[in-house]
Amino acid sequence: MRTLKDAGIGETVTVAKITGEGATKRRIMDMGITRGASLYIRKVAPLGDPVEITVRGYELTVRKADAEMVQLAE
């Protein structure tokens, strides 16, 4: 399944599932990245880490390790 890390710049995607567990999963969800949320990929750093996205009307920067936990709807 495709993850947030695999999404391209300028793409709008929908969250299907958040993998992981414990505090990391809770932190991702607290940032507004929940199932069904629409994410717009604004920028990706030259080495791929971090990824800047727009979620629920605000800009958010997510590390590559955290972006791998966000599975996208096809």
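Let me start with Val44, which is found in strand S2. In this predicted model, Val44 counts as partly exposed, because its relative accessibility is 32%. Not counting residues up to four places away in sequence, Val44 touches Ile9, Pro50 and Val51. The pairing with Ile9 deserves a remark: the two residues are 35 apart along the chain, and their C-alpha atoms are separated by 6.9 Å.

From that strand I turn to the overall architecture. The protein contains two helices and five strands. Read along the sequence, these elements follow the pattern β-α-β-β-β-α-β. Among contacts between residues at least 6 apart in sequence, 55% join residues at least 24 apart.

Next, the overall dimensions. The C-alpha trace spans about 30 × 25 × 20 Å along its principal axes. How does the radius of gyration stand against that of a compact globule with 74 residues? The protein has 11 Å, and a compact globule with 74 residues would have a value near 11 Å, so the two agree. Of the 74 residues, 34% count as buried. The accessible surface comes to about 4400 Å², and carbon and sulfur atoms account for 50% of that area. As for charge, there are 12 positive and 10 negative side chains, with the centres of the two sets lying 3 Å apart.

I now come to the interior. In soluble globular proteins, nonpolar side chains tend to be buried together. Here the largest nonpolar core has 19 residues, and those with the most contacts inside it are Ile33, Leu39 and Ile53. At least two residues of this core come from each of strand S1 (12–18), strand S2 (38–44), strand S3 (51–55), strand S4 (58–62) and strand S5 (70–72).

Which residues surround Leu39, leaving aside its neighbours within four places in sequence? Leu39 is in contact with Leu4, Glu11, Thr12, Val13, Val15, Ile33, Ile53, Thr54 and Val55. Ile33 and Ile53, which appear among these partners, are also named with Leu39 for the most contacts inside the core.

Two polar residues merit separate mention. The first I take is Gln71, whose place is in strand S5. Gln71 counts as buried because its relative accessibility is 19%, and the cut-off for that class is under 20%. Beyond residues up to four places away in sequence, Gln71 touches Met1, Arg2, Thr3, Thr14, Val15, Ala16, Lys17 and Thr19. Val15 is thus a partner of Gln71 as well as of Leu39.

The other is Asp66, which lies in helix H2 (residues 64–67). Is Asp66 buried or exposed? At 6% relative accessibility, Asp66 counts as buried. Leaving aside neighbours within four places in sequence, its contacts are Thr24, Arg27 and Ile28.

I close with a point of backbone geometry. Most residues other than glycine have a negative phi. Arg56, although it is not a glycine, has a positive phi of about 55°. Where does Arg56 sit? Its place is in the loop between S3 and S4. Arg56 counts as exposed because its relative accessibility is 55%, with the cut-off for that class being over 50%.

Technical notes:
Residues numbered from 1 in each chain as written. Predicted model: local features only at pLDDT ≥ 70, side-chain atom pairs only at ≥ 80, totals over all residues. Heavy atoms only, no water. Core = buried A, V, L, I, M, F, W, Y, C linked by side-chain atoms within 4.5 Å. Buried < 20%, exposed > 50% of the residue type's maximum accessible area, 1.4 Å probe, protein only. Helix = DSSP H or I, 4+ residues; strand = E, 2+ residues; numbered from the N terminus. Contact = heavy atoms within 4.5 Å. Rg over C-alpha atoms; globule rule 2.2 N^0.38 Å. Areas by Shrake-Rupley, 256 points an atom, 1.4 Å probe, with all protein chains shown as cover. Lys, Arg positive; Asp, Glu negative; His and termini not counted. Charge placed at Lys NZ, Arg CZ, Asp CG, Glu CD.
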